Amino acid sequence: MKVLIATDKPFSSKAVEGIKSIVEGAGHTLAILEKYGTEDKLIEQVADADALIVRSDKVTPNVVAAAKNLKIVVRAGAGFDNLDLASLSERKIVAMNTPGQNSNAVAELAIGMMIYISRNLFTPGTGSELKGKTLGIQAYGNVGRLVAEHAKSFGMTIMAFDPFISAQAMEKEGVIVAKDLEELYSKSDFISLHIPANEHTKGSIGYALLSKMPKGGCLVNTARKEVINEPELEKVMEERDDLKYITDIAPSNLDTLKEKFGKRIFATPKKQGAETAEANLNAGLAAANQIVDFFATGNTKFQVNKF
Ligand code: 3PG
């Protein structure tokens, strides 16, 4: 079988070597397409691939249509909003992610971002500490849980809201469970987002929630750009000169926000939450192992689509 790694933002060379050894060790061949820039190159390369490994690369209906032999695509990472599940399912192509494999990298970045913005983006001036502040975690999955764990060691109080996790499980880990998002936002000095981008969450973080944050509140986004209602974010930051926003996924209106809000807003130049050697290796190898196992045994444990 031909396995194609298509990563516009490439894995580390160590991760690629590891993937190669797993794939070739199982008797398959590996092709690599990195920094390809435009979809037409992916369309060309995917034509004879049986399996595909991607990161945030968009697997669009056009890519799926061109992939005549494709049987499985693995998103090496957590969020699979870049995969067009409808066209994959229509062709009965298995789509998987590698949950948990890059979570620590994202969680550490979320903590780093809280410190960075609390210290005025490392520019002169009086900052503030995380100790004694309340951190509200929106979605207590693999990343949210790790952020909570790390934040506890800074002396933060942790509150969380996650309708898919039992209150008991969160309380057992020393987390105060918010009854709804309104409570989470109104009681948290920091909100850290760990929700996926889907039809329920897109544009869901806006004026109504953000305006509830206490004085000096800060929104930390290591999740997805699409979950933010950007015009409403701008409006609430205009009305409240104490609110801050730090994100790993630049908003469309970044230039305007920077001009208007200066050091109250920061976006990384390129998404780097999962951009560590460790996360590359964990997620890349997991993707390769899942593909090899799928071809050998039919294992679909991490399948995210239904057909
Ligand atoms: C994920 O969903 O796993 C993260 O957003 C990482 O995305 P990346 O592979 O583009 O770094």
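These are my notes on two sheets and a ligand site in a predicted model.

**Entry 1: the five-stranded sheet**

I started with the sheet that holds β1. I found 5 strands in an open sheet, ordered β2-β1-β3-β4-β5, and the pairing is parallel. Which strands sit at the edges here? I noted β2 (29–34) and β5 (94–97), each pairing on one side only. From one strand to the next, the twist averages 15°.

Then I looked up one pair inside this sheet. Strand β1 (residues 2–7) runs parallel to strand β3 (residues 51–54), and I have 4 bridges listed between them. For Ala 6 I wrote down Val 54 in β3 as the bridge partner.

Next came the helices on this sheet. Helix α1 (residues 13–25) packs on the sheet and touches β1, β2 and β3. I get an angle of about 155° between the direction of α1 and that of β2. Helix α2 (residues 39–46) also lies across β1, β2 and β3, and I have it running at about 170° to β1.

**Entry 2: the seven-stranded sheet**

I moved on to the sheet with the higher strand numbers. This one is open too, with 7 strands in the order β8-β7-β6-β9-β10-β11-β12 and parallel pairing. Why do β8 and β12 each have one side without a neighbour in the sheet? They stand at the edges, β8 at 176–177 and β12 at 265–267, and each has a single partner strand, so one side is left without a neighbour.

I picked β9 and β10 for a closer look. Strand β9 (residues 190–193) and strand β10 (residues 218–221) run parallel, joined by 4 bridges. Leu 193 stands opposite Asn 221 in β10.

I also checked helix α5 (residues 103–118). I see α5 lying across β6 (134–138), β9, β10, β11 (244–247) and β12, and running at about 140° to β11.

**Entry 3: the ligand**

Last, I listed what surrounds the ligand. The residues around it are Lys 9, Arg 55, Ser 56, Arg 75, Gly 77, Ala 78, Gly 79, Asn 102, Arg 224, Lys 271 and Ala 274. By class, I have 5 charged, 4 polar and 2 nonpolar residues in this shell.

Where do the ligand's oxygen atoms meet polar atoms of the protein? I logged three places:

- For Lys 9, a side-chain N or O atom is 2.9 Å from a ligand oxygen.
- For Ser 56, a polar side-chain atom lies 2.3 Å from an oxygen atom of the ligand.
- For Ala 78, a backbone N or O atom lies 2.6 Å from a ligand oxygen.

I closed with the areas: taken alone, the ligand exposes 320 Å², and the protein buries 95% of that.

Conventions: Residues are numbered from 1 along each chain as its sequence is written. This is a predicted model: local features need pLDDT of at least 70, side-chain atom pairs count only at pLDDT 80 or more; totals for chains, interfaces and linings use all residues. Side-chain values use heavy atoms; hydrogens and water are left out. A residue is near a molecule or strand if one of its heavy atoms lies within 4 Å of it. A polar contact is a pair of N or O atoms within 3.5 Å; within protein, one must be able to donate a hydrogen and the other to accept it, and residues adjacent in sequence count only if both atoms are side-chain atoms. Accessible areas come from the Shrake-Rupley method with a 1.4 Å probe; for residues, only the protein chains shown count as cover. Ala, Val, Leu, Ile, Met, Phe, Trp, Tyr, Cys and Pro count as nonpolar, Asp, Glu, Lys and Arg as charged, and the others, Gly among them, as polar. Two strands pair if DSSP finds at least two bridges between them. Helices (H or I, at least four residues) and strands (E, at least two) are DSSP runs, numbered from the N terminus. Axes are lines fitted to C-alpha atoms, for helices over the stretch in contact, and angles run from 0 to 180 degrees between N-to-C directions. Contact means heavy atoms within 4.5 Å.
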